[in-house]
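Trainee: I am new to this structure. Please take me through one part of it closely, then show me how the rest is laid out.

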Amino acid sequence: MSSLKRKFYITTPIYYVNDKPHIGHAYTTIAADVLARYYRSKKYEVFFLTGTDEHGANIESKAREAGKEPQAFVDEIAGLFQKAWRELNISNDRFIRTTEADHIKAVQKALQAMYDKGDIYLGKYEGLYCSKCEQYKSERDLVDGKCRDHNIVPEKLKEECYMFKLSKYADQLLKKIEKDEFKIRPLARKNEIVSFYKTEGLQDVSFSRKNVKWGIPMPWDKNHTTYVWADAFLNYLTGLGWKGETGKYPKLWPADVQLMSKDILRVHATIWPAMLLSLEIPLPKELFIHGYFLIDGQKMSKSIGNVIAPADLIKKYGVDATRYLLMSAATFGSDGDIGWQKFDEKYNADLANNLGNLVSRVLNMIEKYCDGKIPKIVKNPKKLDKIGKHIEALAFDLALKEIWQAIVWANVYIDQSEPWKLAKQGKQEVLDKILSELAALLCDLAKAIEPFMPETSQKIIKNLTSGKIVKGEPLFKRI
Ligand code: MSP
C-alpha cells in the first residue's frame with residue numbers, strides 16, 4: 001500500500017552562513033513549509049529539506065573578520081538558522097549542513113566519477129569572480145563594472161583549476177527546459193533562461209579553487225578545493241541520504257519543486273541540471289522562482305540598516321501572524337514591497353479584526369445562546385474549494401484571499417442576521433441553525449489555514465471541540 005502513496009519532495013536553497021537569517025530567507029522557508037504541511041494533510045509522503053551552505057572563500061573571510069576558526073564560525077551561524085526555523089514552527093524533515101562528513105564524502109565520490117568520465121578536466125580560468133555570489137561573471141553581467149546583486153567590483157582571477165564540461169550539456173538542457181521536462185516557473189523566468197541559453201550559451205565552468213582552503217578537497221588533487229556551488233547543489237541529493245553514486249538515487253528523488261529567488265536561478269538552471277546529467281540522475285521536476293522583498297522600496301541591506309530578522313517580527317506579532325504577513329505580502333513569483341507600517345495595518349485588519357473577531361464572536365454566541373454547545377451538525381454554507389488548487393499552484397496569495405473572503409462573508413452574515421435579536425425574540429431554532437453554520441465554517445477555515453498558521457488552526461479546532469465552548473482569550477491582540 002505504501003508504494004501507492006504519492007510523494008512530495010521540496011527543497012529550499014541552503015543558505016550561506018556568512019550572516020544571520022533575515023526575512024528573505026524566512027520567506028522561502030515558510031513557503032516551503034506551507035507546501036510541506038499542505039501535502040502532509042493530503043497524506044502524501046513528504047520530505048522537506050532545508051539547511052546551510054558553509055564552504056567557500058566568502059565564509060572563510062567572514063570567519064576571519066569575526067576572529068574565529070571557520071568551523072566554530074559556521075557552527076554558530078548554522079545554529080542561528082536552526083533556531084530561527086524552530087521559532088517559526090518550520091516542519092523541515094532534515095536540516096543539512098555542507099560541512100557534515102557524509103555530505104563531504106558523497107560530493108567527493110560524485111566529483112571523482114565526473115572526473116573519471118572526462119566531464120571534469122584540468123584547465124585554466126581567467127576572468128572575473130564575485131566572492132559574494134561565489135559566481136564567475138562575464139562583462140555582460142556587470143553594471144558600471146560592478147556585480148549587480150552586490151554592488152562590488154569583482155576580483156580578477158587567473159588560475160589553474162579543474163573545469164566542468166558544462167558546454168557538453170547545453171543542447172540537452174535547453175530541450176528539456178523548452179519542453180517543460182525540467183520546468184521553470186513562473187513562465188517569465190523560463191523565458192529568461194531560454195533566451196540566456198540561446199544568446200549566451202553555456203561555457204565550461206571552473207569547478208575548483210587553488211587558493212581557497214575552506215572547501216572540500218578534490219579527491220584526486222588535494223591542492224584544489226571544490227567550487228562551492230558544486231558542493232552546495234549536491235545537498236539536494238545528500239539530504240535524502242544519497243552517497244554520491246552515478247545512476248543511483250534515493251526513492252524520494254526527483255524533487256517535486258525547488259524553491260528559490262531570482263538571484264540564484266541561473267546557476268540552478270545551468271550548472272545544477274548539467275551535474276545531474278553527468279551523474280546520470282533525473283532532473284528535478286520544477287524550479288519555482290519567487291520575488292525579492294524590498295523594504296519600503298529599498299533593497300534590504302546591512303549598509304542601509306533596514307534588515308529585518310524573523311525574530312523581530314515574531315516579537316511584535318507572534319509566530320503565526322509573522323508567517324501570515326510574509327506569505328500574504330506579495331504574489332509568490334513577484335517582488336514585494338514590505339514595511340512595518342504595512343505589517344501593522346494588515347495585522348490589525350486581517351488578523352485582529354477579521355479572523356480574530358469572527359472566532360471570538362462565534363465562540364461567544366455559542367457560549368451565551370447555546371449553553372456552550374454547537375447545536376447541530378450542519379454543512380459549512382460557504383464554499384472553500386479552490387484553496388487547495390491555489391496552494392498546489394503556489395498561488396499563496398490567492399489561497400489566502402479565498403480564506404479571507406469567507407471570513408469577511410461570515411462577519412457580514414452575523415451582522416445581517418443579528419443573532420442577539422433572535423435570542424431576545426426567543427427564535428432559538430433559527431439561532432441554532434446560524435450558529436451551527438458558523439461553527440462548521442470556522443472548523444473548515446481552521447483546517448484551511450493550517451499550512452499557513454498551524455498554531456492558530458489548532459487553537460480554533462480545540463476551542464470548537466472542547467466539551468463546553470467559551471469565548472476565551474482573543475487570538476490576536478490589536479496593535
Ligand atoms: N548558498 C546559496 C544557495 C545554494 S543552494 C544550492 C545562496 N544562499 S543565500 O543565503 O544567499 O540565499 C539566497 C536565497 O535566500 C534566495 O534565493 C531566496 O530564496 C532567499 N532570499 C534572500 N534574500 C531575499 C529577499 N530579500 N527576498 C526574498 N528572498 C530572499 O544563495
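Mentor: Start at G318, the residue that follows helix α11. Its phi is positive, near 95°. Keep in mind that this is a predicted model.

Now step back into the helix. α11 covers residues 310-317. Its buried residues are P310, L313, I314 and Y317. They cover an arc of only 100° around the axis, so they sit on the same side of α11. The spacing follows a general pattern. An α-helix has 3.6 residues a turn, so residues three or four places apart point the same way.

What do the buried residues of α11 pack against? Their partners are α1 (23-41), α3, α12 (319-327) and α13 (340-369).

Follow α3 next. This helix spans residues 70-87. It lies across β1 (7-16), β2 (45-53) and β3. Against β3 it runs at about 160°.

That leads to a sheet. Six strands make it up, in the order β3-β2-β1-β14-β15-β9. The sheet is open and its pairing is parallel. β3 (94-97) and β9 (183-185) are the edge strands, and each pairs on one side only. From one strand to the next, the twist averages 20°.

Look at the β9 edge. β9 pairs with β15 (residues 286-290) in the parallel sense, over 3 bridges. There, I184 stands opposite L287 of β15. Just beyond, R185 and P186 are joined by a cis peptide bond, with omega about -5°. P186 belongs to the loop between β9 and α6 (187-199).

A second cis bond runs from W253 to P254, with omega near 0°. P254 sits in the loop between α8 (235-238) and β14 (257-261). β14 is one of the strands in the open sheet of 6. As a rule, most peptide bonds are trans, and most residues other than glycine have a negative phi.

Two residues here have a positive phi without being glycine. For E134, phi is about 55°. E134 lies in the loop between β4 (120-130) and β5 (135-137). For D296, phi is near 45°. D296 lies in the loop between β16 (293-295) and β17 (298-299). Which of the two words, buried or exposed, fits E134? E134 is buried, with a relative accessible area of 3%. D296 counts as exposed, at 56% relative accessibility.

Now take H103, in helix α4 (residues 101-116). H103 is buried, because its relative accessible area of 1% is under the 20% cut-off. Leaving out residues up to four places away in sequence, H103 touches I96, R97, T98, I216, D231, L234, N235 and T238.

There is also an open sheet of 3 strands, in the order β11-β13-β12. Here the pairing is antiparallel. β11 (208-209) and β12 (217-218) form the edges, each pairing on one side only. β11 and β13 (residues 221-226) share 2 bridges. R209 stands opposite T225 in β13.

Finally, the whole chain. It has 18 helices and 18 strands. Of its 479 residues, 56% count as buried. The C-alpha trace spans about 90 × 50 × 40 Å along its principal axes. The radius of gyration is 26 Å, which agrees with the value near 23 Å for a compact globule of 479 residues. Among contacts with a separation of 6 or more, 78% come from residues 24 or more positions apart. The chain exposes about 21,500 Å², and carbon and sulfur atoms supply 50% of that.

Terms used
Residues numbered from 1 in each chain as written. Predicted model: local features only at pLDDT ≥ 70, side-chain atom pairs only at ≥ 80, totals over all residues. Heavy atoms only, no water. Pairing = 2+ DSSP bridges. Helix = DSSP H or I, 4+ residues; strand = E, 2+ residues; numbered from the N terminus. Axes fitted to C-alpha atoms, helices over the stretch in contact; angles between N-to-C directions. Contact = heavy atoms within 4.5 Å. Buried < 20%, exposed > 50% of the residue type's maximum accessible area, 1.4 Å probe, protein only. Arc of directions from axis to C-beta. Rg over C-alpha atoms; globule rule 2.2 N^0.38 Å. Areas by Shrake-Rupley, 256 points an atom, 1.4 Å probe, with all protein chains shown as cover.
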